[in-house]
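User: I would like to learn how to read local features in a model, one at a time. Please give the general idea and then the case at hand.

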Amino acid sequence: MPLLVMKFGGTSVADLDRIRNAAAKVKAEVDRGYDVIVIVSAMSGKTNELVGWVNETSPLYDAREYDAVVSSGENVTAGLMALTLQEMDVPARSWQGWQVPIQTTSAHSAARFVDIPRANLDMKFAEGFKVAVIAGFQGVSPEGRITTLGRGGSDTTAVAFAAAFGAERCDIYTDVDGIYTTDPRITSKARKLEKISFEEMLELASLGAKVLQTRSVELAMRYKVRLRVLSSFDETDEQSGTLVCDEDEIMESKVVSGVAYSREEAKLTLVTVEDRPGIAAAIFGPLADSGVNVDMIVQNISEKAQGSDKPVTDMTFSCPVDQVARARKALEAARDAGHINYDTLEVDEDAAKVSVVGIGMRSHAGVAARMFRALAADGVNIKVIATSEIKISVLIDRKYMELAVQALHDAFELDKAG
Ligand code: ASP
Ligand code: MG
C-alpha cells in the first residue's frame with residue numbers, strides 16, 4: 001500500500017469541528033487508496049497552558065515531570081482524532097509515543113529521535129487498520145521516561161515517521177496556505193511558491209520557522225522526505241500548498257527564491273583589538289560559551305597602534321538584540337581576565353538583517369551587485385554584508401527593513417512566477 005504522513009498543527013485540531021474537518025481530509029486519502037500515518041499536535045494554546053501550569057507549580061521543575069505534563073496535550077488530540085475517524089467508518093487507532101515505541105535520547109524537553117521501530121504499526125496495517133494516529137512531539141527515553149522534542153516538535157515527528165515508513169509524501173497541514181516569497185504582511189506582492197528546495201527553506205527561516213520546526217527541515221533534507229505545507233482551512237487539491245523538496249525536482253530557475261528578514265539584530269564593534277594570531281578565537285570563544293549566537297563577522301583592515309608598531313584592528317559582529325547584555329558581559333570578562341584587549345565596545349541596537357536566498361545564485365553572477373543597487377536606489381545604507389553559497393545578507397537600520405524587503409522583492413521580480 002502506498003503510504004502518506006499527514007500532520008495537523010494546533011489550529012487544525014483546535015476544537016471538535018476542526019478535528020472533524022481534518023479527519024475528513026484523512027478519509028479522502030484513505031478513499032484514494034493510501035494507508036495514512038496521522039501526526040497530531042495539541043489543540044492550539046494547550047501546550048502553552050500546560051507549560052504555564054508547570055512553571056506555576058515548580059519554577060525549577062524536574063524536566064522529566066515537565067515532559068510528563070507538557071506531552072499530554074497531544075494524547076488528547078490523538079485519541080479524539082482516532083474516535084472521529086472511527087465515527088466515519090475509517091479503521092483507526094491512536095498511539096502515544098511510548099506505545100510505538102518512539103525511542104529518543106534522554107535530553108528532556110529537547111530530545112532527539114534514536115529509532116522508530118516499524119513492527120507495531122506494520123502489524124496493525126496488515127490487520128486492516130487504515131490509519132495510525134500518532135501523538136506528535138513525544139517519545140520515550142532509554143530510562144523509560146516520557147520525553148518531548150522541543151516546541152514545534154510535531155513537525156519533526158511527522159518527518160521522522162515519513163522517513164521511517166518510506167512515505168510518498170509528508171503533508172503538513174497548518175493555518176497558512178504555503179511558503180511565500182516573503183512575508184505577505186510586508187508586501188502584498190508576496191507570492192506563494194509552488195516548490196522550494198530544502199536548502200532554501202532552511203535559509204528562509206524567518207519565513208518558515210513559524211510554519212516548520214527547523215529540525216524537521218534538516219531531517220527532511222537528510223532523508224529526502226518530500227514535504228508539502230498547506231492549509232487545513234482550504235479545500236485540498238493537487239495545487240495546494242508549497243512542496244519542499246530536493247532541488248533536482250525544481251525546474252523553475254529563478255536566481256532568487258525569497259527575501260528573508262530578521263528584525264531584532266544588533267551590531268557590536270570592538271574598537272582597537274590586537275591583530276595577532278588567536279585574537280578571533282579569544283573573542284568568539286567566550287561569546288559562544290555564553291550562548292551568544294554570533295551571525296555576521298567583519299574584521300577591519302589592520303593598522304599600527306598610535307605610538308607603537310603593534311598592529312591593531314576593529315572587530316565587528318552581529319547577534320540578536322536580546323543577547324547584547326550577555327555578549328557585553330562575556331567580552332568584559334575576557335578583558336578582565338587579560339585574554340583580550342580593546343579600547344571601547346560600540347553597540348548599535350537598531351539593526352535588522354535582510355537576506356536574499358536562492359539556489360540559482362550558485363550559477364549566476366551579479367546577484368550581490370543587483371541587491372546593492374536596489375538598496376542604494378532607496379537610500380538604504382548597508383552596515384555589514386555576509387554571503388554564503390545561496391544567500392546574501394545585509395545588516396541595515398531597522399527603520400528601513402520593510403522598505404528594503406519591498407525593494408528587493410521588486411528588484412528580483414519575485415511577484416512573477418518562474
Ligand atoms: N504542541 C507542541 C507545541 O506547541 C508541539 C507542536 O505543536 O508541534 O510546541
Ligand atoms: Mg508548529
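User: Is Lys224 buried or exposed?

Analyst: The label follows from relative accessible area: under 20% is buried, over 50% is exposed, and partly exposed lies in between. In this predicted model, Lys224 counts as exposed because its relative accessibility is 55%.

User: Where in the fold is Lys224, and what is its phi?

Analyst: Lys224 sits in the loop that runs between helix H9 (214-223) and strand E11 (227-231). Its phi is positive, about 50°, although Lys224 is not a glycine.

User: Which strand holds Thr272, and what is the phi of Thr272?

Analyst: Thr272 belongs to strand E13 (residues 258-274). Its phi is positive as well, about 60°, and Thr272 is not a glycine. With a relative accessible area of 25%, Thr272 is partly exposed.

User: Strand E13 also holds Tyr261. Is Tyr261 buried or exposed?

Analyst: Tyr261 counts as buried, because its relative accessibility is 10% and the cut-off for buried is under 20%.

User: How should I treat separation along the chain against separation in space? What is the C-alpha distance from Tyr261 to Tyr61?

Analyst: The two have to be read side by side. Tyr261 and Tyr61 are 200 residues apart along the chain, and their C-alpha atoms are separated by 35 Å. For another pair, Ser58 and Pro142, the sequence separation is 84 residues and the C-alpha atoms are separated by 25 Å. Ser58 lies in the loop between helix H2 (46-57) and helix H3 (63-70), and at 27% relative accessibility it counts as partly exposed.

User: Which residues are joined by a cis peptide bond?

Analyst: The angle to look at is omega. A cis peptide bond joins Val100 and Pro101, with omega at about -15°. Pro101 is in the loop between strand E3 (92-95) and strand E4 (103-104).

User: Next, polar contacts. What does the side chain of Ser197 contact?

Analyst: A polar contact is read from the distance between N or O atoms, with a cut-off of 3.5 Å. The side chain of Ser197 makes such a contact with the side chain of Glu200, at 3.0 Å. Ser197 lies in strand E10 (residues 195-197) and counts as buried at 1% relative accessibility.

User: Which backbone oxygen does the side chain of Thr313 reach?

Analyst: The partner is the backbone oxygen of Asn300, at 2.6 Å. Thr313 is in strand E16 (residues 311-320) and is buried, with a relative accessible area of 2%.

User: Which residues are around ligand 1?

Analyst: Begin with the shell, then look at individual atom pairs. The shell consists of Ser41, Ala42, Thr47, Glu74, Phe137, Arg151, Gly152, Gly153 and Ser154. By class, two of these residues are nonpolar, five polar and two charged.

User: Which polar atoms of the protein are paired with ligand 1, and at what distances?

Analyst: A nitrogen atom of ligand 1 is 2.8 Å from an N or O atom in the side chain of Thr47. The backbone also takes part: an oxygen atom of the ligand is 3.0 Å from a polar backbone atom of Ser154, and an oxygen atom is 3.3 Å from a polar backbone atom of Gly153. Taken on its own, ligand 1 has 260 Å² of accessible area, of which the protein covers 86%.

User: How do I describe a pocket? What is the volume of the second largest pocket?

Analyst: Give the volume, then the lining, then the elements that supply it. The second largest pocket has a volume of about 520 Å³. Its lining is made up of 25 residues, with Arg169, Arg228, Thr236, Asp237 and Glu238 nearest the centre. By class, the lining has six nonpolar, six polar and 13 charged residues.

User: Which element supplies the largest share of that lining?

Analyst: The largest share comes from H1, with five residues. Helix H1 (16-31), strand E9 (169-174) and strand E12 (242-245) each contribute at least two residues to the lining.

User: Finally, the whole chain. How many helices and strands does the protein have, and what share of its residues is buried?

Analyst: The secondary structure comprises 13 helices and 19 strands. Of the 418 residues, 49% count as buried. Along the principal axes, the C-alpha atoms fill a box of roughly 85 × 50 × 30 Å.

Key. Residues numbered from 1 in each chain as written. Chains lettered and ligands numbered in written order. Predicted model: local features only at pLDDT ≥ 70, side-chain atom pairs only at ≥ 80, totals over all residues. Heavy atoms only, no water. Near = heavy atom within 4 Å. Polar contact = N/O pair within 3.5 Å; in protein donor to acceptor, adjacent residues only side chain to side chain. Areas by Shrake-Rupley, 256 points an atom, 1.4 Å probe, with all protein chains shown as cover. Nonpolar A, V, L, I, M, F, W, Y, C, P; charged D, E, K, R; others polar. 1 Å grid on protein atoms, 1.4 Å probe; cavity = no way out; pocket = protein on both sides within 12 Å on 5 of 7 lines; lining within 4 Å. Points joined across faces, edges and corners; volume = space filled by probe spheres on them. Helix = DSSP H or I, 4+ residues; strand = E, 2+ residues; numbered from the N terminus. Buried < 20%, exposed > 50% of the residue type's maximum accessible area, 1.4 Å probe, protein only.
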